[in-house]
Amino acid sequence: MQSRVSTPRTLLAARRQAFGPGVAEPPPPILRSWERCAALGLDFGARPRVEPLSSAEMRAAFDRNEALRQRCRPEIEALHADARATGGLVILTDADGLILDTLGNDSFAGRAAQVALRPGVPWSESLTGTNAIGTALIERRAVEVRGAEHYFEPHRILSCAAMPILGPDGAVLGILDLTGPSGIHQGHALGLVGLAVDAIEHRVLDAVPAGCEVLRLHRDPALLGTPREGVLVFEGRRIVGANRHGLALLGLGWDAIGAEATDRHGGDLAPGPLALRDAHGAPLYGRLQGISAPVRRRSTAEPPRPGLPASGPEAPILDPATQKLLARAVRLIEAGIPVVVEGETGTGKEVFARAAHAACVRSQKPFVAVNCAALPETLIEAELFGYEPGAFTGAARHGAKGLLRQAEGGLLFLDEIGDMPLALQSRLLRALQEREVLPVGGTRPVPVDFALICATHRDLSRMVEDGAFRADLFYRIAPYRVRLAPLRDRPDRLALVRDLWARTDGPARGVSLSPPCEAALADASWPGNLRQLAACLKALAALAEPGEVLGLDALPEGVAVPVAPAATPMPEPEPATGRLDTLAQDAMRAALAAHGGNVSKAARSLGISRSTLYRRCLGQRVEP
């Protein structure tokens with residue numbers, strides 16, 4: 001059959017005519033795409049000739065792109081609700097435009113399949129003409145193609161918005177697309193896709209590569225740690241990875257990857273003592289992660305923070321040994337293997353678990369923390385496994401999902417697992433083995449999917465020997481155990497004091513710690529470990545006057561007692577009392593007032609558990 005269009009010029013005239021009189025000319029990306037399609041000799045009035053992959057080829061494509069599909073899963077599911085509501089589809093393709101997944105409105109999916117918009121079909125521009133997926137691949141930018149803007153006439157039933165997913169080196173990993181009926185205007189589609197791609201690309205850069213440093217920066221400090229922050233990865237003086245926000249902030253292009261780190265004026269951009277500014281000269285806020293360096297480089301807008309930098313004010317302070325443990329825990333979680341975190345009270349077991357959740361592929365799904373010691377024994381089964389309506393007196397009218405089901409797709413953190421009643425341990429074991437739960441009063445089990453981290457201050461292996469903990473559950477949850485060192489055994493205590501102090505509001509008010517004060521805090525015995533030290537520093541900051549330099553006289557009683565040498569054993573110190581206890585109480589009440597009585601937020605700001613806040617400040621146990 002002879003093509004209706006022989007040249008790009010006649011093609012453009014014909015396509016403009018298709019829009020009718022008085023209609024604005026399509027945007028430049030669409031015109032450029034039409035020209036490319038015409039140059040290939042494609043007939044816009046015909047049906048594109050595309051063949052789906054065979055079953056074997058499709059399985060191979062899925063295997064090659066499994067990591068991409070896992071990274072994109074949270075965003076695809078989040079977009080799914082919007083796609084169903086507007087009668088559309090969420091589409092993920094590989095780097096060549098091959099459709100891997102579609103999710104959304106079933107009715108529209110059937111219509112889309114009639115024009116070969118389904119898994120296993122390639123949607124590159126050379127095969128399917130002007131379309132959001134194929135054109136975004138060539139343009140390397142977000143593209144929207146509505147109705148008649150599609151090159152082939154059968155595709156005019158579609159309205160599509162797509163954006164490339166870029167790796168740290170700028171290579172295209174795939175395309176995320178939101179497609180709906182052309183008759184329904186989806187003005188928000190491109191924005192939704194852009195936000196989802198930002199989150200995916202940010203997750204790709206979450207982990208710090210071995211031997212590298214990661215600089216996170218933004219004009220607004222509140223956006224550090226979010227998908228909108230700029231990210232630059234350095235290996236020595238070379239930029240070896242970045243996201244589009246990081247390059248844009250500094251006025252750089254993807255050609256900067258692999259080059260020596262210099263700014264637009266030839267200045268050094270590698271991590272070091274540098275006043276960071278964006279492409280317009282405005283100051284930037286920044287944080288640095290990765291290998292330790294003799295001299296830290298940071299934004300002049302950020303106060304000095306010795307010790308290991310973190311990606312947020314609530315981020316953990318990890319020494320190199322704990323960083324290695326965290327990396328191992330993340331790999332185990334992603335392999336579906338449970339982890340048990342052991343350590344004294346206040347060593348940061350929940351903080352460690354939250355860091356593992358943030359670094360794994362389940363980070364966009366819930367983190368559900370359960371304190372087994374704080375749940376009332378009579379209700380713990382219903383709280384964990386949920387219950388059906390009317391299962392017991394006082395049950396909620398519509399029943400409850402239970403904490404295990406609330407963690408669906410994410411991470412379940414069972415704190416103080418050693419305090420779980422024996423009778424309940426058998427039910428938990430069954431849920432872990434069968435990957436399903438039976439709600440109280442229910443007759444049909446419900447499938448569950450979550451990663452598991454347990455924590456305890458007890459010796460579980462000794463409890464198994466004593467018959468206080470089920471051996472079969474122990475072997476199920478503890479194939480790998482992480483032991484967090486108490487504060488007295490950490491070699492970086494002085495750096496910890498400085499880092500934790502920088503997280504209080506003291507530095508912002510000009511309050512500082514004198515060297516003798518810092519040394520006393522670092523040498524003190526802290527039976528409550530990091531939690532107690534952090535609470536003490538917050539109390540000192542709250543009591544200090546603006547601009548004050550705190551000396552030894554500002555410290556609570558008992559703080560200036562050094563840790564005993566190994567050769568001179570000392571009795572285990574009693575929990576701090578007197579003025580320290582009063583300061584802690586004051587800090588707790590101040591946190592409650594600052595958060596409007598919200599116990600969870602107040603406890604999180606102090607770095608303590610809800611049960612501790614209730615017991616120490618409100619004089620009661622935590623109820624579910």
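**View 1. The covering of helix α10 in this predicted model.** Among the elements that cover the buried residues of α10, by contact (heavy atoms within 4.5 Å), are β10 (339-342), α11 (349-359), β12, β15 and β16 (481-483). Helices (H or I, at least four residues) and strands (E, at least two) are DSSP runs, numbered from the N terminus. This is a predicted model, in which local features need pLDDT of at least 70 and side-chain atom pairs count only at pLDDT 80 or more, while totals for chains, interfaces and linings use all residues. Residues are numbered from 1 along each chain as its sequence is written, and side-chain values use heavy atoms, with hydrogens and water left out.

**View 2. The two sides of helix α10.** The residues T322, L325, L326, A329, V330, L332 and I333 of α10 are buried, a word that means under 20% relative accessible area, whereas exposed means over 50% and partly exposed lies in between (1.4 Å probe, protein chains only). Seen down the axis of α10, these buried residues fall within an arc of 165 degrees (taken from the directions from the helix axis to the C-beta atoms), so they line one face of the helix. On the other side of α10, P320, K324 and R331 are exposed.

**View 3. Strand β12 and its partners.** In strand β12 (residues 411-415), 5 of its 5 residues are buried, with L411, F413 and D415 on one side and L412 and L414 on the other. Two strands pair if DSSP finds at least two bridges between them; β12 pairs in the parallel sense with strand β11 (residues 367-371) over 5 bridges, where V368 has L412 as its bridge partner. Strand β15 (residues 451-456) also runs parallel to β12, joined by 4 bridges, and C454 of β15 stands opposite L414.
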